[in-house]
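Please look through the sequence and the structure shown here, and then follow the explanation below from one exposed position outward to the whole chain.

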Amino acid sequence: MKGESVLLIGATSSISRALAHQMAQEGTALHLVARDRTEVERIAQDIAIRYQSPVSWDTMDAFDYEAHQELVPKAIANLGHLDGVVVSLGELGDQEQAQTDFNLAQRIIHSNYTGVASMLTHVANYLEEQKQGFIVGISSVASDRGRPSNYVYGSAKGALTLFLQGMRSRLAKSNVHVMTVKPGFVDTKMTFGKSGMFLVASPQQIAQAISQALSKKKNVIYAPWFWLGIMFIIRSIPESIFKKLKL
Ligand SMILES: NC(=O)c1ccc[n+]([C@@H]2O[C@H](COP(=O)([O-])OP(=O)(O)OC[C@H]3O[C@@H](n4cnc5c(N)ncnc54)[C@H](OP(=O)(O)O)[C@@H]3O)[C@@H](O)[C@H]2O)c1
C-alpha cells in the first residue's frame, strides 16, 4: 500500500475508519468522502496528525446521484492519481418497519445498492480507462440468503454482490481488480444495541482481513474467514426447512 493513493467512500463508517488508520500507517495517501462533513473532517485531521500522511476529505451523499460523477475528479485533484477505491456504506434499517413503510425500505435499498452502484459506475469507467487499479466493495453475509429478520437489507447487499461480481469479470480484462467483502457481525454504529449477534468481530479485524486479502488479490472474502463455513451451512439448508426456522 506504500505510495498508493486510495479513495475511501463512506469514510465515517467504523470499518472504513479502521481501514483508513491502517492504510495511512502503511504510507497510503487517502481521500476520504462521507455525508457527515464535521465527522469526515475530524477523521482526516486525526489521521494527518497521527501518521503525518497525506489525507484530504470531501462530502458525498449516496442519494445525490448527479454529484457522483465528481467523486473521481475530486479525488484525483487531491491525490494526484488514483490506485484504488473502497466503498463501505449503507443503512441496516429496521426490517419490521420496512415491511410496512416502503419509504424506509427504499432508503435501505438505495443506500446499500443503488447509490453505491451509481458511484461505482463512475469509478469503474475511470479505472478501466486507466488500465490499472482496484475496487473493494463491502457487501455482507446477509447477501447469501434471504432471511425474515433482514431481507430488505440482505436483498440490497445481494444486488451489490452480483453487481461487483459482474464488474470483476468486466474489469479483469483491463487489469483492474474487484474484491467483494462479506463481513459477518461487526461491532459498529450499525449494529449498536442489536440483539442476537454472535461471533462479533471488531472493525480493526475486518480492516486487517481486507488489507491482507487485497494484497493477495482475492476475489471474494468472508470476514472473519469462519463465516465462509457458517454461510455454506446456511445456504445448504433446504428451503422447506429454512422457511420454518426463526432466522
Ligand atoms: N456492522 C456489521 O455487522 C456489518 C456486517 C456486514 C456488512 N456490513 C457493512 O459494512 C459497511 C460499513 O458499515 P459499518 O458496520 O462500519 O457501519 P456504520 O459505521 O454504521 O457505517 C455506515 C456508513 O454508511 C453511511 N451512510 C448511510 N447512509 C448513507 C447515505 N445515504 N449517504 C452517504 N452515506 C451513508 C454512514 O454515514 P453516517 O456516518 O453519516 O451515518 C456510515 O458512514 C456497510 O456497507 C455495512 O452494510 C456491516
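**From one histidine to the fold**

Histidine 81 is exposed, because 12 other C-beta atoms lie within 10 Å, where a residue counts as exposed at 12 or fewer such atoms, as buried at 20 or more, and as partly exposed in between, with C-beta atoms placed from the backbone. This is a predicted model, in which local features need pLDDT of at least 70 and side-chain atom pairs count only at pLDDT 80 or more, whereas totals for chains, interfaces and linings use all residues. Residues are numbered from 1 along each chain as its sequence is written.

Histidine 81 sits in the loop between helix 3 (71–79) and strand 4 (84–87), with helices taken as DSSP runs of H or I of at least four residues and strands as runs of E of at least two, both numbered from the N terminus. Leaving aside residues up to four places away in sequence, histidine 81 touches Ser5 and Ile76, a contact being a pair whose C-beta atoms, placed from the backbone, lie within 7 Å. Serine 5 is 76 residues away along the chain, yet its C-alpha atom is separated from that of histidine 81 by 6.6 Å.

The chain has nine helices and seven strands. An open sheet of seven strands follows the order 3-2-1-4-5-6-7 with parallel pairing, where two strands pair if DSSP finds at least two bridges between them. Strand 3 (55–59) and strand 7 (220–223) stand at the edges with a single partner strand each, so one side of each has no neighbour in the sheet. Neighbouring strands of this sheet are turned against each other by 15° on average, direction ignored, with axes fitted as lines to C-alpha atoms, for helices over the stretch in contact, and angles running from 0 to 180 degrees between N-to-C directions.

Strand 6 (residues 176–183) runs parallel to strand 7 and is joined to it by four bridges, and proline 183 has alanine 223 of strand 7 as its bridge partner. Helix 6 (residues 151–172) lies across strand 5 (133–138) and strand 6, running at about 160° to strand 6.

Around the ligand there are 25 residues, of which Ser13, Ala62, Leu89, Thr188 and Met190 come nearest; a residue is near if its C-beta atom, placed from the backbone, lies within 6 Å of the molecule.

For the chain as a whole, buried residues make up 42% of the 247 residues. Among contacts between residues at least 6 apart in sequence, 65% join residues at least 24 apart.

Note on methods
Contact = placed C-beta atoms within 7 Å.
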